[in-house]
Amino acid sequence: MLTRFAVTNYRGFKERIEWDLSNSSNYSFNSDAVRNGIVKNGIIYGPNGSGKSNFGLAIFDIANHLSHKWKKPDYYLNYACAMAYEQPVEFEYTFNFRGHIVNYNYGKIASELKGIIIWEQLIIDGVKVIHKDKDSLYVAPEFGLSEMAIRNLKESANNISIVNYLLGAVPFTKEHPMISLQDFVENMLFFRSLDNREFIGLKEGGSNIEEYIIKNNLANDFSAYLKEVSGQDYRFAQTVPGENVLFCIMGDVRIPFQMVASTGTKNLELQYYWLKEMGSASFVFIDEFDAFYHHELSYKICKRLFEGNSQLFVTTHDTFLLSNDLLRPDCFFILQDNKIKAICDLTDKELRFGHNLEKLYRGGTFSL
């Protein structure tokens with residue numbers, strides 16, 4: 001699981017911002033939201049322009065050089081903070097893989113829509129195993145690289161990730177923390193649906209959602225899902241072989257679903273797709289997941305999302321979700337003024353199950 005993340009000089013975050021997910025509290029309710037002392041599920045709030053979307057994208061920077069899955073094509077546009085655009089963006093990750101603590105830190109610059117790693121460091125259980133900067137390269141003897149191989153890596157002109165190189169060149173055991181790191185990053189997922197739909201990670205290419213529903217005979221299941229979470233009653237037509245458009249029946253008329261579905265219902269289709277696909281996801285970040293939803297629908301979707309095994313976080317402006325019935329005070333975060341903190345750390349008040357967190361938030365109790 002991801003236990004800590006920090007970034008410096010990324011887009012709007014000129015100063016270092018750190019997110020600690022290992023600082024959970026001892027609440028007795030909604031214990032499934034925390035696993036082994038690490039926050040598993042959470043909701044991030046913040047004013048417009050505070051950087052919630054950019055913070056999510058920053059977390060997924062690691063996928064751009066350690067994952068072979070889908071990437072955001074324009075990710076490296078507007079990469080470093082405008083006030084220090086010539087300086088590297090610095091990333092710090094801490095993971096806990098079955099008790100092994102992995103710290104992975106690196107600096108990267110953007111050049112011609114590509115990311116170039118200029119320094120890199122990997123520490124496993126407190127032992128530095130990789131360190132590379134412009135003047136030196138250290139690779140621990142356990143990886144079995146010859147002096148010539150290390151010299152060639154040091155002098156290479158393509159600024160490759162040493163971690164990525166070792167993952168492809170060294171025959172690690174299945175339990176090795178580096179394999180755990182690779183598996184975690186390969187199965188990260190970021191997605192959103194605002195002006196346009198986009199995602200990072202988990203899959204190797206794009207997908208037509210309705211074609212997916214048809215191919216997997218999920219039309220009736222999708223109909224039941226819409227009924228359960230939103231109360232809408234859609235009856236879908238029998239599909240024709242080779243068809244990739246979902247039709248619904250309205251009276252005696254067969255009409256494309258996209259022509260009659262509202263913006264919110266189309267977004268539900270996207271949520272349904274990822275709910276089906278994210279079973280193997282390690283870490284999920286959904287930006288503005290409820291941008292077109294009624295607050296009661298948002299609550300139902302959150303309950304569904306948090307039932308899975310993935311470490312999963314969403315951003316929202318809907319304070320109806322700020323409830324101890326859904327999560328707990330150490331799982332609600334506020335991002336503002338280059339800081340992100342759990343609400344339980346933003347007040348001297350002892351927050352209990354009976355407290356109305358939404359009312360406290362609106363009243364200004366939780367301020368950075």
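Two strands pair if DSSP finds at least two bridges between them. The legends below refer to a predicted model.

**View 1. Strand β5 between its partners β16 and β17****.** In strand β16, L312 stands opposite N41 of β5. β5 covers residues 41-45 and β16 covers residues 311-315; four bridges join them, and the two run parallel. Strand β17 (residues 332-336) also pairs with β5 in the parallel sense, over three bridges. There the bridge partner of I44 is F333 of β17. Five of the five residues of β5 are buried. Both faces of the strand are covered: N41, I43 and Y45 are buried on one side, and G42 and I44 are buried on the other.

**View 2. I340 in strand β18 and its contacts****.** I340 belongs to β18, which spans residues 339-342. Its relative accessibility is 3%; buried means under 20%, so I340 counts as buried. Leaving aside neighbours within four places in sequence, I340 is in contact with I17, E18, W19, I44, F55, F333, I334 and L335. Two of these contacts, I44 and F333, are bridge partners of each other, I44 in β5 and F333 in β17. For a distant reference point, Y138 is 202 residues from I340 in sequence and 34 Å from it in space, C-alpha to C-alpha.

**View 3. The aromatic pair F13 and F55****.** A pair of aromatic rings is described by the distance of the centres and the angle of the planes. The model has 40 aromatic pairs by the ring criterion. In the pair of F13 and F55, the centres are 5.9 Å apart and the planes are at 75°, an edge-to-face arrangement. The pair links distant parts of the chain, 42 residues apart: F13 is in the loop between β1 (2-8) and β2 (17-20), and F55 is in helix α1 (residues 52-59). F13 counts as buried because its relative accessibility is 2%, and F55 is buried with a relative accessible area of 0%.

**View 4. The stacked pair Y93 and F95****.** The rings of Y93 and F95 form an aromatic pair with 5.9 Å centre to centre and 5° between the planes, which is stacked. Both Y93 and F95 are buried.

**View 5. N54 of helix α1****.** N54 lies in helix α1. With a relative accessible area of 23%, N54 is partly exposed. Not counting residues up to four places away in sequence, N54 touches Y10, R11, G12 and F13. The C-alpha atoms of N54 and Y79 are 10.0 Å apart, and 25 residues separate the two in sequence.

**View 6. Helix α7 and the elements that cover it****.** Helix α7 (residues 219-230) has 12 residues. From its first C-alpha to its last it reaches 16 Å, close to the 16 Å expected at 1.5 Å a residue. Its buried residues are A219, F222, S223, Y225, L226 and V229. Seen down the axis of α7, these residues fall within an arc of 160°, so they line one face of the helix. An α-helix has 3.6 residues a turn, so residues three or four places apart point the same way. What covers the buried residues of α7 includes α6 (209-215), α8 (257-260), α9 (263-277) and α10 (295-306). Just after the helix, G231 takes a positive phi of about 80°.

**View 7. R254 over the ring of F247****.** R254 lies over the face of F247, at 4.0 Å from the ring centre.

**View 8. Strands β8, β9 and β10****.** Strand β8 (residues 114-124) and strand β9 (residues 127-132) run antiparallel and are joined by five bridges. The two form a hairpin with two residues between them, and D125 in the turn has a positive phi of about 50°. Strand β9 is also joined to strand β10 (residues 137-139), by three bridges, and these two run antiparallel. The hairpin of β9 and β10 has four residues between the strands. K132 of β9 takes part in both pairings: K132 is the bridge partner of E120, and the bridge partner of K132 in β10 is L137.

Terms used: Residues are numbered from 1 along each chain as its sequence is written. This is a predicted model: local features need pLDDT of at least 70, side-chain atom pairs count only at pLDDT 80 or more; totals for chains, interfaces and linings use all residues. Side-chain values use heavy atoms; hydrogens and water are left out. Buried means under 20% relative accessible area, exposed over 50%, partly exposed in between (1.4 Å probe, protein chains only). Contact means heavy atoms within 4.5 Å. The expected span of a helix is 1.5 Å times one less than its number of residues. The arc is that of the directions from the helix axis to the C-beta atoms. Rings of Phe, Tyr and Trp (its six-membered ring) pair if their centres lie within 6.5 Å; planes under 30 degrees apart count as stacked, over 60 as edge-to-face and the rest as tilted. A charge sits over a ring if NZ of Lys or CZ of Arg is within 6 Å of the ring centre and within 35 degrees of the ring normal.
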